Amino acid sequence: MWRKATVAALLALAVGYFYYGGSDLPEQILQYVSLPSFQSPSFSLNRQNSLEQVISAAWETLITLPTRQWSRVAVGVNACVDVVVSGVGLLQALAVDPGTGLDHEVLHSKEDLKEAFIHFMGRGAAAERFFSDKEVFQRIARAAAEYPGAKLYVGGNAALIGQKLASYPDLMVLLCGPVGPKLHEMLDEQIVVPPDSLQETDEFHLILEYKAGEQWGSTQAPQANRFIFSHDVSNGEMSSLETFVASLEEFQPDLVVLSGLHMMEGQGRELWEERLEEAVLAISDIQKDIPIHLELASMIDKDFMTRIMQEVMPIVSSIGLNEQELLFLSQAGEGPHADLAAWNGVPDVGQVSDILLWILEQHGRSDLLSEADLTRIHFHTLAYHILATVDGHWGNQAAAVMAGARVASTQACGTRSVDVSKVALKAPLQFHSSHSEPREKLSLNPAEPVTVWHRGNVTFHLTPVLVCKQPLRTVGLGDAISAEGLIYSEFKIQQPF
């Protein structure tokens, strides 16, 4: 007994010593301590093992596919071609001068674009807006495509999720969305596109990226991110939704992934109200025993978000979202911490936990008598990810949350596996299960990098992200995270009473 206690104490001392900057651990500790959960020599805590190395090695050991895996996944309905350029460089090429930031629900001019870009760049936050003037947008798009270093990629949440899923050779993927000739050419060969989804021209989205520390005028970006805008009527009207639902009967998927609702916001209230009603009816027609994952994205209209919360979330099984979307969702629904204007640095784990629990209680099936289908939320922010699930509905969630964090590291850095020299641990090592009492004090063990806690019948799994120090590309990270988390998740079919 005394030996186990001594080992635990020395292990805690060793991990703390590394985290707070010690470069040489005392020799007697090194000789005495090895991490007990793993036999591999790579897990021995020695002078060469940073916390990042310990976490990365633990991921490789602990991330395993579930017993029952998906075989056919249907994804819809937003798809486009992304034109990725330097945001500051493009705006300078458009002869726009820096100034003060100001958010706009809809962009009508180059001046609106500049103000919205500066607003979000100064916060290091991702955002997406609709550009109302077709001719001005086309001129900006031509300038972007001709800008030195501009790159074209598969774009749209549905297409990006489909691409990630198709990287698994045993998985068949159906993609419904406005697929033009350029996008069709870039899609993975494993992706099936119904004929009704093909169109003569592509939809283009402009992705204005900025780097951590990049400056324009008096604005400096605290972290790397991007600002997205488009004049995309096909995706804005979700014109492929009915085609998507009609395709499911023949394709027979065992998972449906839905995205693109946020695109309707730029169409104006009258149009989105009508289209959202039709979308709810279409989603309700999907076979009840097929789980549906809804991927959210940046929104600004509280009424629109409230309607999605009240009408769409209860009829899907799972949602994926980031810190801005989570806080806006709480603000729109007057939920926990709705008085926060924005997160201050790394979002507080206790506050995030409070909002996730509130969503599952108000719009999910945490109440056994509830008729809602929502039982899973995949939350991702730069420093850590959380999977919150109602007990009894999902399996393999520890592996799923770690898989999502791992792909965030590799995709941002452009590497096949985690390169510990290119990443840094930014997650807190200690945190609380809630922002208010009663709450549990929790800690992160790098050797087993998933912290688990329970609140009622909801279980939370948290894992840190090894943040890429110099990300090559930030677009599509959230989609890759959600896709990877779904691949490693197992849905438990509920038996009727």
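How many salt bridges does a search of the whole structure find? The search finds 14. The model is predicted. The exercises below work through some of these contacts, then turn to a sheet.

**Exercise 1. Place the salt bridge between E185 and K182, and state how exposed each partner is.**

Step 1. Take the contact. The side chains of K182 and E185 meet with N and O 3.4 Å apart. The cut-off for a salt bridge is within 4 Å.

Step 2. Locate the partners. Both lie in helix α8, which covers residues 181-186. They are three residues apart, about one turn of the helix.

Step 3. Check accessibility. E185 has a relative accessible area of 59%, so it is exposed. K182 has 32% and is therefore partly exposed.

**Exercise 2. Trace the salt bridges of E273, starting from R269.**

Step 1. Start with R269. Its closest N and O atoms to E273 are 3.0 Å apart, and the two form a salt bridge.

Step 2. Find the spacing. R269 and E273 both sit in helix α11 (residues 269-284). They are four residues apart, so about one helical turn separates them.

Step 3. Look for a second partner. E273 also meets R307 in a salt bridge, at 3.6 Å from N to O. This pair links distant parts of the chain: E273 is in helix α11, while R307 is in helix α12 (residues 302-312), 34 residues apart.

Step 4. Compare burial class by class. R269 is partly exposed at 42% relative accessibility. E273 is partly exposed at 26%. R307, at 16%, is buried; the cut-off for buried is under 20%.

Step 5. Widen the view. A network of salt bridges links R269, E273, D303, R307 and E311.

**Exercise 3. Work out the strand order of the six-stranded open sheet, and identify its edges.**

Step 1. Write the order. The six strands run β3-β4-β11-β8-β2-β5. The pairing is mixed.

Step 2. Read off the ends. β3 (106-107) and β5 (151-155) stand at the edges. Each has a single partner strand, so one side of each lacks a neighbour in the sheet.

Step 3. Move inward to one pair. Strand β8 (residues 204-210) and strand β11 (residues 225-230) run antiparallel. Six bridges join them.

Step 4. Pick out a facing pair. Which residue in β11 does E209 stand opposite? E209 stands opposite R226.

How values were computed: Residues numbered from 1 in each chain as written. Predicted model: local features only at pLDDT ≥ 70, side-chain atom pairs only at ≥ 80, totals over all residues. Heavy atoms only, no water. Pairing = 2+ DSSP bridges. Helix = DSSP H or I, 4+ residues; strand = E, 2+ residues; numbered from the N terminus. Buried < 20%, exposed > 50% of the residue type's maximum accessible area, 1.4 Å probe, protein only.
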